Amino acid sequence: MAPIATIELDHRFADDLPDLAVDWDASPVPAAALIVLNETLALELGIDAEWLRSPAGVAVLAGNAVPPGARPVAMGYAGHQFGSYSPRLGDGRALLLGEVTGSDGRRLDVHLKGSGRTPFARGGDGRATLGPMLREHLIAEAMHALGIPTTRSLAVVTTGETVVRTRPEPGAILTRVAASHVRVGTFQYARALGEGTSLEPLVRHALDRHHPDATDSERPALSLLQHTVAVQAHLVARWMLVGFIHGVMNTDNMTVSGEGIDYGPCAFMDRFDPATVYSSIDHGGRYAYGNQPAIAQWNLARLAEALLPVIDPDGETAVALATETLAGFAAHYQRAWHEGMAAKLGVTPDGAGAGDLFDQFISLQTLAGTDHTSTYRALASTLRSDPVAVQQHVPDHGPELEAWLAAWRIALGGADPASTADAMDEVNPVYVPRNHLVEGALDAAAVDGDLGPFEQLLELVTDPFVVREDRQAEAQPAPDGFDARYQTFCGT
């Protein structure tokens, strides 16, 4: 099917769930300008990229025009934010334009972020700034390139306004594409509205979007919980494997689709430390790197609580079924983590002692504070007869390293070293969005109006497994001292 010169949308969420959507129009912007366009994603959506670059396309991306079939709504949801329940959050500065059917037949949300105040704005101005919107574009596309389930970014436009957060910046709007924007907090909101309103329709809607085989199950809500537990366990395991820290794992930032969403104060860890926190608002380290699996399970327990009335009419039965399902999170997570670590280290997942080997490597990383990304690539180089490569990452712990390497070589068995190294390189990236590079690129764009560093970094992280001989500096950790003082900000 040839790309079309518009975005053709429908509005099933708004039709199915009127109690969870408020019809609303974006606030007009004075001078929209396209900054970044994801042409690959446009093609996947069946949209003509040249049309998106045209004044008509930019008007849609800026919220100044409504495409055919769209019914813009602000989505309602609640959420536990840093453990405290907020009963009414919702899209305070965002709008769901509608759903598009991509070239592969999948139904996907098209969503504007930074498009002005809505009834959920809670005193905010409804706008976004260029730096955080470019950050979300960069991180989302890096995640996609790493094979991690994620929302995507179609475009970023500037608005012709100046918006002040930590500093004055150009106003900007992100167009986000997602399997859906249904969150744990959406179910919390529906539960609070009352059992006879939107909870059961929301379950049916979510199953139809994400788990259609279970729509006719005996207990649809339980099937949805089981599905969400599994996909979220897989997602967080993948985050842990690449050293990603989301930074704000509130229940309103956790989708039932299992995609990563809302990349605000997120970051990739350089020096390995399970206690790493970058977010300026995470004062107690609730969402530290090492806490992410437990927090995901905690969030899923809040989903289970919201679903209890529709899991089973008998309260005790509902609690027992939900508790059993939640207990399965650990097995799902461990399986995904175990398989991922086996691939990263080039060993057989079900080999004898594999789990101990993985745990010992994490202990070694923690002890030595190794660079999380490049250490795995160095291990592959070790198999290519470069014994110094990994030693450079553990300079003060030679005996511990040699003991682990000996156990690793046993686990590798008789596998061909070169083939094993090649397989490891296919899952261990050379390039991730390193924090000092991200900040430099965002500063250049937002302060100096220079998109060059951002475009160069985007090119690297969207092809992360290929070594660029002329770009090796960007595969290195931050300069000494940077990580210790680095903080990220939500941008709201």
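Select Val163 first: this residue stands opposite Glu169 in strand β10. The model is a predicted one. With the pair on screen, extend the selection to both strands, β9 (residues 152-164) and β10 (residues 168-178). They pair in the antiparallel sense over nine bridges, and the hairpin that joins β9 to β10 passes through three residues.

Stay at Glu169 and add Arg167. The side chains of Arg167 and Glu169 meet in a salt bridge, at 3.0 Å from N to O. Is each partner buried or exposed? Glu169 is buried, with a relative accessible area of 7%, whereas Arg167 is partly exposed, with a relative accessible area of 26%.

Next, show strand β2 (residues 33-37), which runs antiparallel to β9 and is joined to β9 by four bridges. To see one of these pairings, select Leu37; the bridge partner of Leu37 in β9 is Ala155.

From β2, move to helix α2 (residues 39-44) and select Ala42, which lies in this helix. Ala42 is buried, with a relative accessible area of 0%. Which residues are in contact with Ala42, once neighbours within four places in sequence are left aside? They are Ile47, Ala49, Leu52 and Leu154. Draw a distance from the C-alpha atom of Ala42 to that of Leu154: the separation is 6.8 Å, although the two residues are 112 residues apart along the chain.

Helix α3 (residues 49-53) is the following stop; select Glu50 and Arg53, which both lie in this helix. They are three residues apart, about one turn of the helix, and their side chains meet in a salt bridge of 3.9 Å, N to O. Glu50 counts as exposed at 52% relative accessibility, and Arg53 counts as partly exposed at 39%.

Now turn to Ser115, found in the loop between β7 (107-113) and β8 (128-129). Ser115 is buried, with a relative accessible area of 1%. Display its surroundings: not counting residues up to four places away in sequence, Ser115 touches Ala26, Ser27, Arg93, Ala94, Leu95, Gly126, Arg127 and Ile173.

For the charged groups, select Lys113, Glu136, Arg176, Arg183 and Asp262 together. These residues are linked in a network of salt bridges. How many salt bridges does a search of the whole structure find? The search finds 32. Side chains of opposite charge can pair when their charged atoms come close. A further pair to select is Arg471 and Glu474, whose side chains meet in a salt bridge at 2.6 Å, N to O. Both Arg471 and Glu474 are buried.

Proceed to helix α10 (residues 315-327), which has 13 residues. From its first C-alpha to its last, α10 reaches 18 Å, close to the 18 Å expected at 1.5 Å a residue. Colour its buried residues, Ala318, Leu321, Ala322, Thr325 and Leu326. Why do they lie on the same side of α10? They cover an arc of only 135° around the axis, which puts them on the same side of the helix. Add α8 (220-242), α9 (292-311) and α11 (329-345) to the view, as the buried residues of α10 pack against these helices. Then rotate to the face of α10 turned away from its buried side, which carries the exposed residues Glu316, Glu324 and Ala327.

The last stop concerns two cysteines, Cys266 and Cys490. A disulfide is a covalent bond between the sulfur atoms of two cysteines. How many disulfides does the model contain? The count comes to zero. The cut-off for a disulfide is a pair of cysteine sulfur atoms within 2.5 Å. The sulfur of Cys266 is 9.8 Å from the closest cysteine sulfur, that of Cys490, and is therefore too far away for a bond. Cys490 is likewise in no disulfide, and the cysteine sulfur nearest to that of Cys490 belongs to Cys266. In terms of exposure, Cys266 is buried, with a relative accessible area of 1%, while Cys490 is partly exposed, with a relative accessible area of 24%.

Technical notes:
Residues numbered from 1 in each chain as written. Predicted model: local features only at pLDDT ≥ 70, side-chain atom pairs only at ≥ 80, totals over all residues. Heavy atoms only, no water. Buried < 20%, exposed > 50% of the residue type's maximum accessible area, 1.4 Å probe, protein only. Helix = DSSP H or I, 4+ residues; strand = E, 2+ residues; numbered from the N terminus. Expected span 1.5 Å × (residues − 1). Arc of directions from axis to C-beta. Contact = heavy atoms within 4.5 Å. Pairing = 2+ DSSP bridges. Salt bridge = Lys/Arg side-chain N within 4 Å of Asp/Glu carboxyl O.
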